Amino acid sequence: MKILKEEIKLQCPANELWAILSDLRRSDWVPSIEEIILNDDCRCFEMKGMGKITEKILKCHEQEMILQYSAIETPAPIEHHLATMQIFPINEQECLLTWITEISPDIFAESIHHGMLSSIDGIKKIIT
């Protein structure tokens with residue numbers, strides 16, 4: 001199993017970033033997704049180049065500003081996927097985003113990491 005980690009300091013208030021990430025239907029920060037459909041505690045979408053994906057939302061906690069989800073249905077034979085995004089306030093106008101993803105088998109780590117970096121770029125475009 002690979003563990004991928006990205007930490008980035010962003011020039012926006014923590015609650016502004018949380019408003020983006022905690023809106024589970026919002027897809028504008030993920031470049032390869034046009035629409036997300038919520039079905040109970042799952043979000044379903046089609047990702048360009050990947051196909052249909054279902055993620056189970058395990059945690060979306062406002063006070064901790066933590067979002068945790070797991071890809072439970074994918075076209076790829078993923079054995080394990082667990083992603084945790086957490087926001088830490090630095091001051092009134094800055095925050096730290098920590099994004100950790102566990103993925104198995106390791107062969108999918110590179111494409112997952114690329115998706116994380118593309119999504120972080122998407123976040124940066126929205127907050128500026």
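Which residue in β7 does isoleucine 3 stand opposite? In this predicted model, the partner is glutamate 102. The close-ups below start from that pair and move on to the pocket.

**View 1. Strand β1 alongside β7.** Here we're looking at strand β1, residues 2-10, running antiparallel to β7. The two are joined by 9 bridges. Isoleucine 3 facing glutamate 102 of β7 is a handy pair to find your bearings with.

**View 2. The β6-β7 hairpin.** Strand β6 covers residues 80-91 and is antiparallel to β7, with 11 bridges joining them. Together β6 and β7 make a hairpin, with 2 residues between the strands. Look for asparagine 91, which sits opposite glutamate 94 in β7.

**View 3. How enclosed is β7?** Strand β7 spans residues 94-104, and 8 of its 11 residues are buried, so the strand is largely enclosed by the rest of the structure. Buried here means under 20% relative accessible area.

**View 4. The largest pocket.** This one has a volume of about 530 Å³. Its lining takes two or more residues from each of β2 (33-39), β3 (42-47), β4 (51-61), β5 (66-73), β7 and α2 (109-127). Helix α2 provides the largest share of that lining, 7 residues.

**View 5. Inside the pocket lining.** In total, 27 residues line the largest pocket, and Val30, Met47, Ile112, Gly115 and Met116 are the ones nearest its centre. If you sort the lining by class, you get 15 nonpolar, 9 polar and 3 charged residues.

Methods. Residues are numbered from 1 along each chain as its sequence is written. This is a predicted model: local features need pLDDT of at least 70, side-chain atom pairs count only at pLDDT 80 or more; totals for chains, interfaces and linings use all residues. Side-chain values use heavy atoms; hydrogens and water are left out. Buried means under 20% relative accessible area, exposed over 50%, partly exposed in between (1.4 Å probe, protein chains only). Helices (H or I, at least four residues) and strands (E, at least two) are DSSP runs, numbered from the N terminus. Two strands pair if DSSP finds at least two bridges between them. On a 1 Å grid over the protein atoms alone, a cavity is a set of points where a 1.4 Å probe fits but cannot get out, and a pocket is an open set with protein on both sides within 12 Å along at least five of seven lines; lining residues have an atom within 4 Å of a point. Grid points are joined across faces, edges and corners, and a volume is the space filled by probe spheres set on the points. Ala, Val, Leu, Ile, Met, Phe, Trp, Tyr, Cys and Pro count as nonpolar, Asp, Glu, Lys and Arg as charged, and the others, Gly among them, as polar.
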